Amino acid sequence: MATSEASVTRIMVAVNESTIKGYPHASISSKGAFEWTLQKIVMSNTSGFKLLFLHVQVPDEDGFDDMDSIYASPEDFKSLKSRDRARGLRLLEFFVTRCHEIGVACEAWIKKGDPKEVICHEVRRIQPDLLVLGSRGLGPFQRVFVGTVSEFCVKHAECPVVTIKRRSDETPQDPVDD
């Protein structure tokens, strides 16, 4: 029996790329939040849920991203924008493919801006039933310098928020990495 769209629980999962150099994949925290959602909420009721994947790309402050030179042509900027979009799409493809493999309905999209602000804006716009975020589990000293998207969203998102800490055995050498 098909589940009507109105009776489906919509869960927004904010995802990001790994910050570990040379590791162009979903972050440890994003994968953990996704897997936790599948195991603890969706379980075997795949038709009762729709996962909404949001990836927020942070624009580089100086506009040069990874370029080593301040000399650039318009084609260089087009190339960077194209590369960023492709990386974002590859990230979302990971989660969407997994959902299709197990039969969970999903949507995915990319936005640009400050992740905490964009996530809260998208929660207001989309109105999911629940927001799930990965958390690196940084200590108080690291939070001062790195900031924490999950803490901001817990305080400001207009829906229930679940944050999933990464397991201690998943923590990279530098805990700020993800």
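What covers the buried residues of α3? In this predicted model, the cover includes strands β1, β2, β3 (105-112) and β4, together with helix α5 (149-156). The residues of α3 that lie buried beneath it are V118, I119, C120, E122, V123 and I126.

Helix α3 itself runs over residues 115-126, and E122 is found there. This glutamate makes a good stopping point for a first look at the helix. E122 has a relative accessible area of 1%, so it counts as buried, the limit being under 20%. Leaving out residues up to four places away in sequence, E122 touches M12, L54, W109, K111 and Q127. The length of α3 can be checked too: at 1.5 Å a residue, its twelve residues should span 16 Å, and the end C-alpha atoms are indeed 16 Å apart, so the two values agree. Just after the helix comes Q127, with a positive phi near 55°.

Attention can now turn to the nonpolar cores. The largest has 21 residues, and I11, L51 and F53 are the ones that touch the most other members. Two or more residues each are given to this core by β1 (9-15), α1 (28-42), β2 (49-57), α2 (74-102) and β4 (130-135). Helix α1 provides the largest share, with five residues. The surroundings of L51 give a closer view: apart from neighbours within four places in sequence, L51 is in contact with I11, F34, T37, L38, C99, V104, A105, C106 and E107. Separate from this is a second core of 16 residues, with A14, W109, V118 and L131 among them. V118 also appears among the buried residues of α3, while W109 is one of the residues touched by E122.

Note on methods:
Residues numbered from 1 in each chain as written. Predicted model: local features only at pLDDT ≥ 70, side-chain atom pairs only at ≥ 80, totals over all residues. Heavy atoms only, no water. Core = buried A, V, L, I, M, F, W, Y, C linked by side-chain atoms within 4.5 Å. Buried < 20%, exposed > 50% of the residue type's maximum accessible area, 1.4 Å probe, protein only. Helix = DSSP H or I, 4+ residues; strand = E, 2+ residues; numbered from the N terminus. Contact = heavy atoms within 4.5 Å. Expected span 1.5 Å × (residues − 1).
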